[in-house]
Amino acid sequence: MNHVAEAGKLLTNMRLATMAAAGAPYGLVEGAAIAIEAGRIAWAGAHVDLPPQYAGWPAQGMGGRLVTPGLIDCHTHIVFGGNRAREFEMRLEGATYEEIARAGGGIVSTVTATRTASVDGLVADALPRVDHLLAEGVTAIEIKSGYGLDIDTELNMLRAARRIEAERPVRVKTTFLGAHAVPAEYKDRAGAYIDEVCIPALDAAHGEGLADAVDGFCEGIAFSPAQIKRVFVRARELGLPVKLHAEQLSNLGGAKLAAQYGALSADHLEYLDEDGVKAMAAAGTVAGIVPGAFYTLREKQLPPIDLFRKHGVAMAVATDCNPGSSPMTSLLLSMNMACTLFRMTPEEALAGVTRSAARALGLDDCGTIEPSKRADFAVWNVEHPAELAYRIGFNPLHERSFAGIP
């Protein structure tokens, strides 16, 4: 699908939440206008301050609605085969996430279904989930591999992710997550899996231009810091940025390791301590907040939100869409959960799916509404930005713009 941007258009009569880091809460501008040219924002601000060169451009009124940057889901596993509804039942019957994983369920159970799926099948299964996100104003999505755990299927997952960007008006950033779990054929041989499968698969993905970043799962049921370090060393050699699933079930020092390698983000982080937070702050690593997994797994250990605030660590909010621990395709619900479960503020939640989410993906051309940024934004039937995190199960999106195209 070819998405060609229009040139020379003026949007007027709106409340604009620029989400710029400085200025009023939400970067809110009343009576605002946005000038768009060739898919980029040429100017944005109060209409009374509109520069003369834009005054004659064709104008479209927004009816006084709220306009925000397009939302960004910066942590998803949205490409996968099958589902894990039975494990949902098992958890409700008392089994823990670790017990299910050690019994051959969890991530590994999705591997079988994913390995038998074609690229076409993976794309067909993922598109309805992607469409749900787009219907909530999402304009960029991160998609991880990690359910193949062999070279061919890991590559097929990334190929499917690239296909999604071609078939829908959405930006996709791909992440190689070969170090997600130890497959059954490598049981008790995690180190051998890293050497014989994960790193060769990473090399192959890089060779095909399929990976924008590299991730891992640093946890007792997955990989040790030493094993993850080997993956990170190879990622650095290939010039790929890293991120990490860290401190979700225990504190193994994964976030510190990620910070040492200048990670874009470390995600989950429920068991993170202050030393880990300080390391992330020093490295500029974003904290990926994924309340869907916390909710689904009925966890009780909260991520250290106050410590992130204290040390100035940016917080991104994401769905963590996956078939097991977060079968969720609503970024608006993620925002509500971040506020209700973790006591983030509505402004923090909205920054978490715009400005901070862009940082978590290494993107500097989106996430705020400012000159030279992409014209990716969402138009909402709400009076105040806080409503986006306030409502539950309600989608107030009026219109989504992708590179200036509704």
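**Note on helix α9 and the internal cavities**

1. In this predicted model, helix α9 spans residues 274-283, and its buried residues are Gly-276, Val-277 and Met-280. They lie on the same side of α9, because the arc they cover around the axis is only 100°. The general rule is relevant here: an α-helix has 3.6 residues a turn, so residues three or four places apart point the same way.

2. What packs over that side? The cover of the buried residues of α9 includes two helices, α8 (254-260) and α11 (305-311). It also includes two strands, β10 (265-268) and β11 (286-289).

3. The residue that follows α9 deserves a look. Gly-284 comes after the helix, and its phi is positive, near 75°.

4. How many cavities of 30 Å³ or more are there? The count comes to two. The largest has a volume of about 110 Å³; the second largest, about 30 Å³.

5. The largest cavity has 13 lining residues. Those nearest its centre are Tyr-97, His-180, His-245, Asn-322 and Ser-325. By class, the lining holds seven polar, four nonpolar and two charged residues.

6. The second largest cavity has a lining that can be given in full: Gly-70, Ile-72, Thr-139, Ala-140, Arg-171, Cys-366, Gly-367 and Asp-376. Three of these residues are nonpolar, three polar and two charged. The charged pair is Arg-171 and Asp-376.

Note on methods
Residues numbered from 1 in each chain as written. Predicted model: local features only at pLDDT ≥ 70, side-chain atom pairs only at ≥ 80, totals over all residues. Heavy atoms only, no water. Buried < 20%, exposed > 50% of the residue type's maximum accessible area, 1.4 Å probe, protein only. Helix = DSSP H or I, 4+ residues; strand = E, 2+ residues; numbered from the N terminus. Arc of directions from axis to C-beta. Contact = heavy atoms within 4.5 Å. 1 Å grid on protein atoms, 1.4 Å probe; cavity = no way out; pocket = protein on both sides within 12 Å on 5 of 7 lines; lining within 4 Å. Points joined across faces, edges and corners; volume = space filled by probe spheres on them.
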